[in-house]
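Hi,

Here is the structure I promised to pass on. Have a look at it first, and my notes follow underneath.

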Amino acid sequence: MTENEQIASGVLAALENSGGRPSLLRAYNCMTRLRLSFDEVAGIPDGLADAVAGLPSVLGTNVSGTELQIILGPGKAANVTAALNKLLAASKPAAPSEKEAPADDRPQIGDGKALHAKIRAKNATPVKLFFKRIASIFIPLIPGFIACGLISGCLNVVAKVAPDVTTGPLFQLLAIAGSTVFFGMNLLVGRNTMEEFGGTPVLGAILGALLSHPNLAHVTLNGETLVPGRGGIISVLLVAMLASVIEKQVKRFVPEALSLFVTPLVTFLVSGTIAILVLQPVGGALSDLIGNTATGAIAAGGALTGAVLGGTFLPMVMLGIHQTLTPIHAELLARYGVTILLPVLAMAGAGQVGASFAVWCRTKNTRLKKIIASALPVGILGIGEPLIYGVTLPLGRPFLGACIGGACGGAVQAAFGVGAATLGISGLPLAAATDNIPIYLLGLVCAYIGGFVATLVIGFDDPVETANADSSSERV
């Protein structure tokens with residue numbers, strides 16, 4: 001049995017022992033986490049998070065509404081999820097267990113369960129859940145952003161070092177490859193939006209294609225020439241959400257025998273007409289507002305704006321507000337080819353690295369040292385969940401130190417207006433996709449140092465190991 005299969009077996013055993021198997025709706029993954037989604041009524045079984053957090057190779061857990069997120073790291077999350085789904089398909093659900101695990105509300109190093117339970121209700125508000133759905137539209141696109149963004153970033157470096165090669169066919173082909181995700185973004189966003197809101201995905205894709213079709217430039221309505229792609233992804237989001245509603249209503253009235261022909265035709269024509277006449281102009285206004293506000297705020301506020309954004313991003317993540325930034329990043333990428341927000345916000349993770357390293361230097365707790373040692377390398381690579389959920393958040397004050405480090409790095413990024421041509425990566429790897437690699441690296445170092453020094457100054461209550469594996473704490 002492979003390591004991934006052993007982890008999956010452990011998760012399945014924890015599910016069955018906690019009585020949570022019948023209420024499990026699905027197991028899926030993002031880049032770094034195995035996500036277990038449970039029925040809203042039953043919720044996450046008591047003791048499951050603690051049981052899973054104790055499994056080998058599990059870097060931490062996080063509770064978001066009725067979803068338990070198991071942090072495993074890039075690559076491993078997908079492999080463990082595949083192994084778990086095989087086990088789920090091959091076994092029958094076990095009967096719910098009467099046995100309940102003992103409750104422990106104290107913050108524990110390694111999972112941060114108690115602190116997340118306190119903000120669980122806040123993160124389940126309708127507005128935040130809506131923005132979570134919007135963010136989930138773009139999550140499947142992240143590998144495309146990473147591939148194209150890294151290509152574009154590397155080409156930018158090559159163009160500065162050897163400008164003569166930019167006229168060669170290889171460079172030009174790679175430049176086309178680097179812009180591919182933007183070329184097809186409206187179709188991808190339209191498809192994912194339609195699927196997320198319960199519609200037929202291909203209808204969302206062709207509506208996205210309609211709004212970006214180059215022949216729109218040859219059409220004049222009410223004395224104005226239409227602009228292909230006006231409103232960018234904002235227009236596509238609006239029309240795809242509308243189309244999902246229209247499709248459901250059309251299905252209610254169209255006879256089943258005719259639905260295959262009538263429903264897609266009516267949905268496309270009605271949604272497309274409203275999109276061209278109303279939603280594209282509205283989306284254009286919103287797109288302009290988002291672009292001008294984001295660039296204007298950083299241009300006007302400079303380092304101060306960067307410090308505020310970099311220093312408050314971790315609390316935004318804790319409150320679920322960060323979901324609202326995903327479409328903004330995507331819109332900035334579509335408009336300008338780079339997002340100036342991502343390098344600033346990425347500094348929060350760098351501050352986390354500095355804060356966690358300070359804890360490693362000062363703690364006498366061998367388990368805590370082991371957790372930090374295993375999580376620091378992936379933290380440097382931009383995967384911050386193990387550090388935030390396993391170290392700084394449960395300890396409290398180091399979380400504030402991480403925010404201070406993020407503010408230091410964010411000030412540097414915003415002062416120089418560093419932009420990134422990708423989404424989905426952070427930390428050190430993001431440097432290759434930025435338009436000013438030296439300054440980005442400078443900001444990264446400032447965030448490391450800021451988080452490290454701030455945590456040493458603020459201090460923390462160090463959990464002291466005892467013979468019975470319980471813990472007290474001493475101030476360091």
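A quick word on terms before the notes: I call a residue buried when its relative accessible area is under 20%, exposed when it is over 50%, and partly exposed in between (1.4 Å probe, protein chains only). Please keep in mind that this is a predicted model, where local features need pLDDT of at least 70, side-chain atom pairs count only at pLDDT 80 or more, and totals for chains, interfaces and linings use all residues. Residues are numbered from 1 along each chain as its sequence is written, and side-chain values use heavy atoms, with hydrogens and water left out.

First, the overall picture. The protein chain has 18 helices and eight strands; these are DSSP runs numbered from the N terminus (helices are H or I with at least four residues, strands are E with at least two). Of its 476 residues, 47% count as buried. Taking contacts (heavy atoms within 4.5 Å) with a separation of 6 or more, 72% are between residues 24 or more positions apart.

Now some single residues. Q69 sits in strand β4 (residues 67-71) and counts as buried, because its relative accessibility is 3%. Leaving aside residues up to four places away in sequence, Q69 touches R33, L34, R35, G60, T61, N62 and S64. T81, in helix α3, is also at 3% relative accessibility and so counts as buried. With the same sequence neighbours left out (up to four places away), T81 touches A27, Y28, N29 and L34.

P214 is another matter: you'll find it in the loop between α10 (201-212) and β5 (220-221), and at 55% relative accessibility it counts as exposed. Its C-alpha atom is 9.8 Å from that of L226, twelve residues apart along the chain. I449, in helix α18 (residues 437-458), counts as partly exposed at 48% relative accessibility. The C-alpha atoms of I449 and G406 are 10.0 Å apart, with the two positions 43 residues apart along the chain.

On to helix packing, where axes are lines fitted to C-alpha atoms (for helices, over the stretch in contact) and angles run from 0 to 180 degrees between N-to-C directions. Helix α1 (residues 3-18) and helix α3 (residues 76-90) have axes that come within 8 Å and cross at roughly 55°. That makes α1 oblique to α3 (under 35 degrees is roughly parallel, over 145 roughly antiparallel, 65 to 115 roughly perpendicular, and the rest oblique). On the α1 side the contact is made by E3, N4, E5, I7, A8, S9, V11 and L12, and on the α3 side by K76, N79, V80, A83, L84, L87 and L88. Those residues divide into nine nonpolar, three polar and three charged (Ala, Val, Leu, Ile, Met, Phe, Trp, Tyr, Cys and Pro are nonpolar; Asp, Glu, Lys and Arg charged; the others, Gly among them, polar).

Helix α6 (residues 142-161) packs against helix α7 (residues 169-178) at an angle of about 140°, with the axes 8 Å apart. C148, I151, S152, L155, V158 and A159 of α6 meet F171, L174, A175, A177 and G178 of α7. Here the split is nine nonpolar, two polar and no charged.

Last one: what does α14 look like, mostly covered or not? Covered, with 17 of its 22 residues buried.

Cheers
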